[in-house]
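Welcome! Take a moment to turn the model around before reading on.

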Amino acid sequence: MSNLLAVILERRAFLLHWAPVPLRLIVGYGFLAHGVAKAARGYDAFPAIVQAMGLPMPHLLGWLTILVEIGGGLAILLGALVPLASIPMAIVLLVAIFTVHLPYGFSSIKLQAVTAAGATFGQPGYETDLLYLAGLAALVMGGAGPFSVDGYVRHCIRAARSS
């Protein structure tokens, strides 16, 4: 019985070590994809949306949002400066919750009908934003995991201190 417990604990440690990788991949890719989609629509498209929301300095905030999504997404994908990159990313998510999604409730998927033309959905709530915030928080608290720039830098610092 003690051998079985040892094997379970050993595998758990292995899995905990690798757990941040899929989280990093989906959070990083998600932010990157949203930023690239906004940028691809053109110079004025997303700032016009920001202006329609009534936020100040729409061109500046619009393009800052795009840069945060693309730059932050890349940083999370690479596991580089995760705690630092997470701060502006969390701000973007909180602004999205309070300016866009909050009136539509929690659920991000609101199936309204299924017709011959396909499914029809209502406005998304803040569920997905909360999931991204939770993912960022988990990466900040637990680290970026293996194959990350942060892990490599930490390894180099330890190696330099021990020599």
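The report below starts with the whole chain and then visits a few of its residues.

**The chain as a whole**

Please keep in mind that this is a predicted model. The protein chain has seven helices and two strands. If you start at the N terminus and follow the chain, its elements come in the order α-α-α-α-α-β-β-α-α. The radius of gyration is 20 Å, well over the 15 Å that the globule rule gives for 163 residues, so the protein chain is more spread out than a compact globule. Along its principal axes, the C-alpha trace spans about 60 × 40 × 25 Å.

How much of the protein chain counts as buried? Of its 163 residues, the share is 30%. The protein chain exposes about 10500 Å², and carbon and sulfur atoms supply 72% of that area. Contacts across the sequence are also worth a look: among those in the protein chain with a separation of 6 or more, 62% are between residues 24 or more positions apart.

**A salt bridge between two helices**

A search of the whole structure finds one salt bridge. Its partners are K38 and E69, whose closest N and O atoms are 3.0 Å apart. This pair links distant parts of the chain, with the two positions 31 residues apart: K38 belongs to helix α2 (residues 20–40), while E69 belongs to helix α4 (residues 58–78).

Are these two partners buried or exposed? K38 has a relative accessible area of 17%, so it is buried, because the cut-off for buried is under 20%. E69 is buried too, with a relative accessibility of 7%.

**A nonpolar patch on the surface**

Now look at the surface, where L78, V149, Y152, V153 and I157 make a nonpolar patch of about 460 Å². Which helix gives the most to this patch? Helix α7 (residues 149–162) does, with four residues. Y152, one of the patch residues, lies in helix α7. At 55% relative accessibility, Y152 counts as exposed, because exposed means over 50%.

**Three residues side by side**

The table gathers the accessibility values for the residues discussed above.

| Residue | Relative accessibility | Class |
|---|---|---|
| K38 | 17% | buried |
| E69 | 7% | buried |
| Y152 | 55% | exposed |

To find these places in the view, look for K38 in helix α2 and E69 in helix α4, then go on to Y152 in helix α7.

Terms used. Residues are numbered from 1 along each chain as its sequence is written. This is a predicted model: local features need pLDDT of at least 70, side-chain atom pairs count only at pLDDT 80 or more; totals for chains, interfaces and linings use all residues. Side-chain values use heavy atoms; hydrogens and water are left out. A salt bridge is a side-chain nitrogen of Lys or Arg within 4 Å of a carboxyl oxygen of Asp or Glu. Buried means under 20% relative accessible area, exposed over 50%, partly exposed in between (1.4 Å probe, protein chains only). Patches are made of residues with over 30% relative accessible area and no salt bridge: like charges are joined within 9 Å, nonpolar side chains (Val, Leu, Ile, Met, Phe, Trp, Tyr) within 5 Å. Accessible areas come from the Shrake-Rupley method with a 1.4 Å probe; for residues, only the protein chains shown count as cover. The radius of gyration is taken over C-alpha atoms; the globule rule is 2.2 Å times the number of residues to the power 0.38. Contact means heavy atoms within 4.5 Å.
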